[in-house]
Amino acid sequence: MTKKTTSTKPSSAAMQLTAEQLKERIVRHLHATLGTDINKASPQAWWRATCAAVNESVFDGLRTTQREHYQQDTRAVHYFSLEYLMGRLFSNNLHNLGLYQSAKQALAELGHDIAELEDQEEDMALGNGGLGRLAACFIDSLATMNLPAVGYGIHYEHGLFQQEFQAGRQIERPDSWREYGNPWEICRPESVQEISVYGYVETVYDLQGRMKKVWHPGRIIKGVPWDIPVVGYHGSSVNVLRLWESRASDFFNWDVFNSGGYVDASRENIEAETISKVLYPNDETEAGKELRLIQQYFFCSCSLKDIIRRYKRAHGDDWSKFPEQVVIQLNDTHPAVAIPELMRILVDRADMHWDEAWGICQQVFAYTNHTLLPEALESWSVRMFEKVLPRHLEIIYEINRRFLLEQVDVRWPGDNDKKRKLSIIEEGHEPMVRMGHLSVVGSFRVNGVAEVHSKLVQSDLFPEMVALWPEKFTNVTNGVTPRRWLKACNPRLSSMLDRLIGSDWPTDLKQLSKLAAYADDPKVQDDFMAIKQQNKADLAKVIQDLTGVAVDPAAIFDIQIKRLHEYKRQHLNLLHILALYRRILQNPDYDMVPRVFIFGAKAAPGYKLAKEIIYAINKVAEKINHDKRVKDRIKVVFMPNYRVTLAEKMIPAADVSEQISTAGKEASGTGNMKLALNGAITVGTLDGANIEIAEEVGEDNIAIFGLTVDEVKALRQSGYHSRDYYHNNPEIKAVLDWLETDYFTPGKPGELAAIKHSLLEGGDPYLVLADFEGYQAAQQQIDGWYRDKAGWAKKAIMNTACVGKFTSDRSIQDYVDRVWQLKPCKVD
Ligand code: 9GP
């Protein structure tokens, strides 16, 4: 059960605002903030004026919350994340303040449609995918649950690239989310920090003859904080997301300037500003670049100094309370360099004894692992680390020396293999710093993000660490905020829920279970499916606008939305589409419920095969959508530029949710939760949180297929030969061979051959062919289920009714109970 830590009553001053009062505010801001007039203001100006009007309430809440936290000297969690995929904030803030209806009315009376103004906002896409969106859901829950928290990250000038298709191929365009400023953020020059990189370390002796290390940095960089208020739902706290922007330090500028080096000075400026320039667009792969390490260190160092500044304001130089007041959650290993940085500050700057400093560190940090993919496990070459952060490398060596001596050698005396395996430094031709090992050694808790994933973290990734510290490891299954992912994005279903089960569900999602009592009620079934139908009609318009493809809302809307990656197996979906198409060509009367296969996915720009898969899907779509023989039984669309805002339009319209990763590869998934919450039926493998979704909704309401984690391991061990499947299954052979012809790319045979090659010569690393038959059977099951209208409606309702567990409020409560030990602080 989700424990309720907050009242759900809309109680803040903002809630009492009438449309009339809001109108007055909007017009006032149109004049005083935007300097324009009702008669000539552009939609952009109206949108900004409305944001400013909303901000009056947001800033009120922010001030009150900060005052309360300061006065009560609360323990707080500090969420360190290189990514926050926030999407738009306009409707989210209005909903959370309880102002959406008043604003809608106010704008209507001023002659504007709120939905049109919403489209004025660029997505704040400071993240790649699941990990970044999870961080955004978590900070929403933290504020809603009145938990003192600060999110820390980077104020990227360019977020995730915008995707276009040219002749079916992905083209990346820069994202400039704040080209003309962003109304939600506040610059805080009073809290600027300075950080250092490069240089060398000197060993000196103080007057007592004690050895000290002095780092002489090669460059100093300024971190300028931008605060984005995070509004809790219905009159709860307003927390802060603090994002750091890098600038050249004044000190260095002047130095070079004064000696006449104007060009050099601007080069330094540019280099410093490069740090927060772009988000690395890779997902699940390590960047391995010096700039990326500097980005990580930059935001960790700025954030730690910020935390310490705030702590010292209340406690001066008394460090004893620090672990009571501060907990830092490391979102993946990206911020792991915070561990040696805090050690450096305590030992070198605060003159603390190593043991005392290490004691503090180990009570402060907790680490969440989000992936088992070997290519995503970060490690930095010792050479580069030494160049960028020479003092930190020394500290890591010392942490490692003590760990191997005091822990590993005590537990496994003389076992050099164990030492080699557990060492934070991986020896080899190019010695590497293993950030995962550092994170585990330096943290008091380590969690995975779904039951099965947490088990695999323990059994496959860090078994010896578990032997050393069994109590360190735990699980916190991910969740999503129902405020954005149901209340705001699916207003029709939300109103229906309010009518049927009351309006407490947005902060107490288990209430949804009350819906189960209506699952057989024909009226409720009709209403539920009518809403789905309207949402599908809305999406059909968006599809037409974005892709030019006309789709029929009566068809099954089958949706796969997530980053493009082999392990997520969009190509398995494609092979199934090809098999259906082939059946139709072979049998013109082939009987199937018409289906629209809808994809949304960005591929990392350097990930060639992922881009080939996008190309293949687009080419196959082109052919099928224009083939009269298909008679609209299949349509395929690839939505360009998939992002949070598009997800909000797609998810409420989904009948089928594709969650088809190779078992053991998807740590959790969160799209699976959002889709089920909105009444989509999952076709999925027993992977990540799919397993828990299946447990909650029951086997009648989900189509599970494919190898389990154990079966995947066994198959690999016994030797997997993808060619056997190719030769033994004529349909597999036919569709793979088809891809090699020029059927889909007239005059250019072989253009789509990369997929076949990866599955045959490449050995099919994600077992696509092994799961093909099972997948097909699951899809057949879906087809059968959909023909029974009442049966389908029941399944859809049961999905919404049974997924209350997957609210991010429950995840946060689990973190509070299992990791953070945090108390809510009610803000009036
Ligand atoms: O791939 C995981 C995804 O399964 C999970 O839902 C998400 C949030 O925990 O994190 C993703 N991992 C990453 O984005 C990078 O490790």
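**Exercise 1. Two helices early in the chain**

At what angle do helix H2 (residues 43-72) and helix H3 (residues 90-97) pack, and how far apart are their axes? Work out the geometry of the pair, then say which residues touch.

*Solution.* Keep in mind that we're working with a predicted model here.

- Step 1: start with the numbers. H2 and H3 pack at an angle of about 40°, and their axes are 11 Å apart.
- Step 2: put a word to the angle. Since 65 to 115 degrees counts as roughly perpendicular and under 35 as roughly parallel, that angle makes H2 oblique to H3.
- Step 3: get the hand. The crossing of H2 past H3 is left-handed.
- Step 4: list the players. H2 brings Cys-51, Val-54, Ser-57 and Val-58, while H3 answers with Phe-90, Asn-93, Leu-94 and Leu-97.
- Step 5: sort them by class. The contact of H2 with H3 has six nonpolar and two polar residues, with no charged ones.

**Exercise 2. Another crossing**

Find how helix H1 (residues 19-32) crosses helix H4 (residues 100-109), and describe the contact.

*Solution.*

- Step 1: the axes of H1 and H4 come within 8 Å and cross at roughly 60°.
- Step 2: that crossing makes H1 oblique to H4.
- Step 3: as for the hand, H1 passes H4 in a right-handed crossing.
- Step 4: on the H1 side you'll find Ala-19, Leu-22, Lys-23 and Ile-26, and on the H4 side Ser-102, Ala-103, Gln-105, Ala-106 and Glu-109.
- Step 5: the residues of this H1 and H4 contact split into five nonpolar, two polar and two charged.

**Exercise 3. Naming an angle**

Classify the packing of helix H22 (residues 570-586) against helix H29 (residues 730-740).

*Solution.*

- Step 1: the axes of H22 and H29 come within 10 Å and cross at roughly 100°.
- Step 2: H22 and H29 are therefore roughly perpendicular to each other.
- Step 3: Leu-575, Leu-578, Ala-579 and Arg-582 of H22 meet Glu-731, Ala-734, Val-735 and Trp-738 of H29.
- Step 4: the class count for the contact of H22 with H29 is six nonpolar, no polar and two charged.

**Exercise 4. Domains and their contact**

Describe how the two domains of the protein chain meet.

*Solution.*

- Step 1: the chain is divided into domain 1 (73-88 + 123-478 + 813-820) and domain 2 (482-806).
- Step 2: their C-alpha centres lie 35 Å apart.
- Step 3: domain 1 puts 41 residues into the contact and domain 2 puts in 34 residues.
- Step 4: now look at which elements of domain 1 touch domain 2. Strands S2 (84-87), S5 (162-166) and S6 (169-173), along with helices H6 (130-144) and H17 (451-461), each supply at least two residues of that side. H6 has the largest share, with five residues.
- Step 5: by class, the side of domain 1 that touches domain 2 has 14 nonpolar, 17 polar and 10 charged residues.

**Exercise 5. Placing the ligand**

Where does the ligand lie relative to domain 1 and domain 2?

*Solution.*

- Step 1: collect the shell. The ligand is surrounded by 18 residues, and the closest are Gly-130, Leu-131, His-370, Thr-371 and Ser-668.
- Step 2: sort the shell. Around the ligand there are five nonpolar, nine polar and four charged residues.
- Step 3: draw the conclusion. Domain 1 and domain 2 both give residues to the shell, so the ligand lies between them.

Conventions: Residues are numbered from 1 along each chain as its sequence is written. This is a predicted model: local features need pLDDT of at least 70, side-chain atom pairs count only at pLDDT 80 or more; totals for chains, interfaces and linings use all residues. A residue is near a molecule or strand if its C-beta atom, placed from the backbone, lies within 6 Å of it. Ala, Val, Leu, Ile, Met, Phe, Trp, Tyr, Cys and Pro count as nonpolar, Asp, Glu, Lys and Arg as charged, and the others, Gly among them, as polar. Domain bounds come from an automatic or database domain assignment. Axes are lines fitted to C-alpha atoms, for helices over the stretch in contact, and angles run from 0 to 180 degrees between N-to-C directions. Helices (H or I, at least four residues) and strands (E, at least two) are DSSP runs, numbered from the N terminus. Angles under 35 degrees count as roughly parallel, over 145 as roughly antiparallel, 65 to 115 as roughly perpendicular and the rest as oblique. A crossing is left-handed if the near helix is turned anticlockwise from the far one by less than a right angle, and right-handed if clockwise. Two residues are in contact if their C-beta atoms, placed from the backbone, lie within 7 Å.
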